[in-house]
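Here are a few exercises to work through with the model open in your viewer. Try each one before reading its solution.

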Amino acid sequence: MTLAATAPVHADVREFLGRNRQLLIDGEWVDSASGRTFPTYDPATGEKLTEVAHGQAEDVHRAVAAARRAFEDGPWARMKPNQREQLIWRVGDLLTAKAEIFGQLEALDNGKSAGIAQVVDTGWAADVFRYYAGWSTKIEGSTVDVSMPFAPEGSQFHAYTLREPVGVCGQIVPWNFPLLMTAWKIAPAIAAGNTVVLKPAEQTPLTALLLGELFEEAGFPPGVVNIVTGYGDAGAAIAAHDDVDKVAFTGSTEVGKLIVDAARGNLKKVSLELGGKSPNVVFADADLDIAVPGSLNAWLFNHGQCCVAGTRLYVEDTIFEEFTHAVADAASQVKIGPGLDPSTQLGPMVSQEQFDRVSRYLSEGIADGARALTGGKRWGDEGYFIEPTVFVDCKPESSIVREEIFGPVVAALPFSAEHGVAAVANDSEYGLAAGIWTRDISKAHRTARQLKAGSVWINQYNGFDTAMPFGGFKQSGWGRELGAEAIGLYTQTKSVNVAL
């Protein structure tokens, strides 16, 4: 491991990176069955951070077997809801206590600002665990006054429903919010009484592994949470495993379709949070003092590596030139640098592969006739940095308008009040999120109804809350995470009818 001498790296982070990381299976840290490892890199420098166990199908099988034992026979199966609640809440408290460590580790592995990772990623992850800790004691069935029309006259019945855990849950999380997406997956699953086999993204496995240590410290029984690091073949093994009852995936739409295919074998339950190409709509009557920085945040947050990023910027034609130049000017002043620099606002792409992908889209956009008001190329000569880029003169059919880039790139297009914006905003295979900026609250609500998106934010962007369900329309996914609806992903209903 090589770190800049001036980097203020916490001693616990250095210690964590100082030894190869293993798999968590049945409460033990173990090597992969093959003994193989793979490196994880700092995207700000391209230098190796540490080696991680290379889990494959055999390791997935071991982890699933451990999760099955814990679900069927272990103390977890007999634990009272309030005992689960206390354990899950403890994880939230431990995250809060170690927020600086998690923030720095996320910055090194993912490239994002350590300060943002400490406050947003780690702070929110702690909130997610506390929120779902409370749900452990609030999962309820109902009684049903059944008619039973074909039963003998005078018969009486007592009928009710139970909401029960689905069982062993395979969970596959992405590299853009490694810790946070892990929290979104694990917290509701274990609150409902399930057990978990988690596969972090191979680009960013480290905070999930550190979180595994917190489950041990909190006192979770062996096998409740298992973590297998590896590549796509490990994820495929989870999705296809006949003893996995449910698979939850966050990532690209292309891989989501493969997950669905793999899950057919035992018809396991599937939830998917997939890609997006979200419209951000700015009307001429918007308050530009909030709409300009808000629209910048819509596509630059997390370096543009965000599934909800508002990368199709639709601006009413009467203010199009003024607004796009204001956004471009603001983008050109963003401070670019490594995540451990406290002044950094925009970090690197997560990997060489992602850097190459975004660079290709920059070239395609220019080849299709788009003009960059700012950016359009690499920044610096080290690491995977891309300049924030504002494209205008975009063709609606071009790749920078149609496809998910997953980088700091926005395509701006004008619309007219006469023709409206809903049709062009909805002209996408995706439907994850959307933004609306206007002083006219009636117009805002009308437009929100017209937009085909799972989340619509008015006079703000990235308006998340743990209690608000999140998910997509169309090819942006199946099901909803967060809020009460996430509990539905991890429970199933049993009907019981008793003849008295």
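**Exercise 1.** Find out how many salt bridges cross the interface of domain 1 and domain 2, and how many residue pairs there are in polar contact.

*Solution.* Start with the bounds: domain 1 covers 11-274 + 477-497, and domain 2 runs over 279-458. Keep in mind that this is a predicted model, and side-chain atom pairs count only at pLDDT 80 or more. Next, look for a Lys or Arg side-chain nitrogen within 4 Å of an Asp or Glu carboxyl oxygen. Across this interface, that search comes back with zero salt bridges. Polar contacts do turn up: five residue pairs between domain 1 and domain 2.

**Exercise 2.** Describe the side of domain 1 that touches domain 2: which elements give two or more residues to it?

*Solution.* Three helices do: H5 (99-110), H6 (114-135) and H10 (253-263). Of these, H5 brings the largest share, five residues. Now sort the residues on this side by class, and you get nine nonpolar, 10 polar and five charged.

**Exercise 3.** Work out how much area is buried between the two domains, and which three residues of domain 1 supply the most of that domain's part.

*Solution.* First, place the two bodies: their C-alpha centres sit 32 Å apart. The contact then draws on 24 residues from domain 1 and 24 residues from domain 2. Together the domains bury about 1900 Å², with carbon and sulfur atoms giving 62% of it. On the domain 1 side, the trio to pick out is Pro43, Ala44 and Trp175, which supply 27% of what domain 1 buries against domain 2, more than any other three residues.

**Exercise 4.** Take the salt bridge between Glu364 and Arg360: why are these residues about one helical turn apart?

*Solution.* Begin with the full tally, which is 21 salt bridges by this rule. In this one, the N to O distance is 3.0 Å. Both residues belong to helix H13 (residues 352-367), and because they are four residues apart there, about one helical turn separates them.

**Exercise 5.** Trace the open sheet that contains E6: what is the strand order?

*Solution.* The order is E5-E6-E22, with antiparallel pairing. E5 (143-144) and E22 (491-499) are the edge strands, each pairing on one side only. Zoom in on E5 and E6 (residues 157-165), and you find two bridges. As part of this pairing, Thr143 has Tyr160 in E6 as its bridge partner.

Notes: Residues numbered from 1 in each chain as written. Predicted model: local features only at pLDDT ≥ 70, side-chain atom pairs only at ≥ 80, totals over all residues. Heavy atoms only, no water. Pairing = 2+ DSSP bridges. Domains from an automatic or database assignment. Contact = heavy atoms within 4.5 Å. Buried area = accessible area lost by both parts, 1.4 Å probe. Polar contact = N/O pair within 3.5 Å; in protein donor to acceptor, adjacent residues only side chain to side chain. Nonpolar A, V, L, I, M, F, W, Y, C, P; charged D, E, K, R; others polar.
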